[in-house]
Amino acid sequence: MTVFSGAAPSAATAFAAARLQHIVVDANRLQPPAAALAPGSEFTGSSSETVSVVSSALGKAASAAFVAAAGAVLRRRQQRSSVLARQAEATAKKDSVAKQTLANLRKRGVKSADPNKKMPPKPDPWQLDELGNRVFPWPKSFAEIVQTAAYSSMELFMKGETRIEVDFPPLPLADLDWNVCDTAETRIVDANIQHAIAFCKFVIKDPRKFPKLDADEAVKRAMAGAEPQDADAVTEMLERRFAKAENQENMKRSVRVIFPNKAEMLRARDIHYEKWKKMDRPDLIRRGWYDEVNEETWGGPFEDVYVYIIAQESGELTQIRNYVEKADAVAMKQGRVLRHVLFNLNLNKFRNDIQFYKTVTPFKVGLATPPIHFDFLSTFRNSYFIRFGKYTMTILRDPYNIDYVGAMYHAFPSPWQTFMQDRTDLAYRCVDVQDKRPTILAFKRRLQRAFGLSKEAGLGPDIVMDDVYRPQNPRPGTIDRGFTQVAREGFGDFMWWEGDLETEISDRWRLA
């Protein structure tokens, strides 16, 4: 500790002395000249001498600090220059990443799995109900939903299916009504992208090899006799030269996620980059957009599975059909078979919008019309499906207004299941199973029966009459429902896409 003797120091002198002690310590750290005052030295003298010594030490310490700071800045500049030089040299030596083909990346080995990495729980196995039907229990989390959807999709792929539909609400029921929501909402788009990335990871990690199918037969079976949407455009495109298909035996499975446009694709790349980055092989998930098949620079399909996501209006369904048909045509020419997945497109809502195509925007180019369902969407086999229904019935007894909630659920290979939400513990339990997709109105009727409201709803005793698959009325022009039921439901019995069994090119979309 520095000691002062002589006349009593003034306030300025005392402040200077205290400042001197800190500067001397800093000067020692910066290795100042030997003449600098060392900490712990003893000084005696008058106040004026103290001030002069303080001033001298302040000047020396400041000079030393300036020299040290300048040296540090110079060293940092030299380090940065050397780093930039090494990066430039490395860039000049290696080829551009964009020029490296996906085939070379797919031939690389897989990284060793992290033993500390936690995976979502495996989907609960199906169970047999009283009638011997395979029934999946109600899912417990979104992680289980996505994993079960990937499991069911892979099961269908292994059975030779090439067109798959997956549909479930991307957010909890309390935050979203999936039946009437705006699919272009940012939170819905981001949630669907995250689920799609997780779905693609499970598809890639599945060790099973796709079955070998004849390319021509697979495409003919998938189209079920429907004509291409734009046959002339497909023929013209096939006149271009595409790269020959490489041997797929030793390559890892790859997936291409297709976005509505390039802007959405780039936004997803920037926002959800960490999701891609965390993969062991992020190069196996590629990105594209609906209209890239119409560009001259499109090199043809290269991936194995194509996942179409976040369509924001029914008119984009025609773009998806254009992509599927052109990609299949080129792959068939190459002798390959592609797999297509419509992932969380909320097709029921888009189908409902199609009926207004004549009245809302009749002159809009590329607008979806009913054939988009009858000739295209009907060829997609459903692998996973969840649709909630929230209804209220007014009755002439206490409590007068009754709310009832249920859900339609399907996970291949289980049948189509109807779940009701118990009013006491809010748990979901299965109350009905069917081999074909029930109509929306039939699903509502099954819930009314499960909640004990069949009498108030005017439903008949025969449950077979609830759905569109019932026997045809032998007397055309007559109503085979009671007055109470007609008064509550109206004269309609199904949506436009549900009841026209003869027009649709395939019933694959109805199958369990």
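Buried means under 20% relative accessible area, exposed means over 50%, and partly exposed lies in between, with a 1.4 Å probe and protein chains only. Helices (H or I, at least four residues) and strands (E, at least two) are DSSP runs, numbered from the N terminus.

The model used here is predicted, so local features need pLDDT of at least 70 and side-chain atom pairs count only at pLDDT 80 or more, while totals for chains, interfaces and linings use all residues. Residues are numbered from 1 along each chain as its sequence is written, and side-chain values use heavy atoms, with hydrogens and water left out.

**Exercise 1. Get your bearings in the chain.**

Task: Find how many helices and strands the chain has, and what percentage of its 512 residues count as buried.

Solution. Start with the elements: there are 16 helices and 11 strands in the chain. Next, take burial: 45% of the 512 residues count as buried. Finally, look at contacts, where contact means heavy atoms within 4.5 Å. Among contacts between residues at least 6 apart in sequence, 75% join residues at least 24 apart.

**Exercise 2. Sort the two sides of α7.**

Task: In helix α7 (residues 231-238), work out which residues are buried and which are exposed on the other side.

Solution. Begin with the buried residues of α7, which are Ala233, Val234 and Met237. They lie on the same side of α7, because they cover an arc of only 100° around the axis. The arc is that of the directions from the helix axis to the C-beta atoms. Now turn to the other side of α7, where Asp232 and Glu236 are exposed. To finish, ask what the buried residues of α7 pack against: it is α10 (316-334).

**Exercise 3. Describe how α7 meets α10.**

Task: Give the angle and distance for the axes of α7 and α10, then name the residues that make the contact.

Solution. Two packed helices are described by the angle between their axes and the distance between the axes. Axes are lines fitted to C-alpha atoms, for helices over the stretch in contact, and angles run from 0 to 180 degrees between N-to-C directions. For α7 and α10, the axes come within 10 Å and cross at roughly 40°. That makes α7 oblique to α10; angles under 35 degrees count as roughly parallel, over 145 as roughly antiparallel, 65 to 115 as roughly perpendicular and the rest as oblique. The crossing of α7 and α10 is right-handed. A crossing is right-handed if the near helix is turned clockwise from the far one by less than a right angle, and left-handed if anticlockwise.

Now the residues: α7 contributes Ala233, Val234, Met237 and Leu238, and α10 contributes Lys326, Ala329, Val330 and Lys333. By class, the contact of α7 with α10 has 6 nonpolar, no polar and 2 charged residues. Ala, Val, Leu, Ile, Met, Phe, Trp, Tyr, Cys and Pro count as nonpolar, Asp, Glu, Lys and Arg as charged, and the others, Gly among them, as polar.

**Exercise 4. Repeat the analysis for α5 and α8.**

Task: Describe the packing of helix α5 (residues 186-205) and helix α8 (residues 262-271), then find the buried residues of α8.

Solution. First the geometry: α5 and α8 pack at an angle of about 70°, with their axes 11 Å apart. The two helices are therefore roughly perpendicular to each other, and the crossing of α5 and α8 is right-handed. Next the contact: Thr186, Val189, Asp190 and Ile193 in α5 meet Glu264, Arg267 and Ala268 in α8. Sorted by class, this contact of α5 with α8 has 3 nonpolar, 1 polar and 3 charged residues.

Then burial: Glu264, Met265 and Ala268 are buried in α8. Seen down the axis of α8, its buried residues fall within an arc of 100°, so they line one face of the helix. The face turned away from the buried side of α8 carries the exposed residues Ala263 and Asp270. The cover over the buried residues of α8 includes α5, β4 (255-259), α9 (273-277) and β5 (285-289).

**Exercise 5. Place a charged residue.**

Task: Decide whether Arg321 is buried or exposed, and which residues Arg321 touches.

Solution. Locate Arg321 in helix α10. With a relative accessible area of 6%, Arg321 is buried. Not counting residues up to four places away in sequence, Arg321 touches Glu227, Pro228, Gln229, Pro371, Ile372, Asp375 and Phe376.
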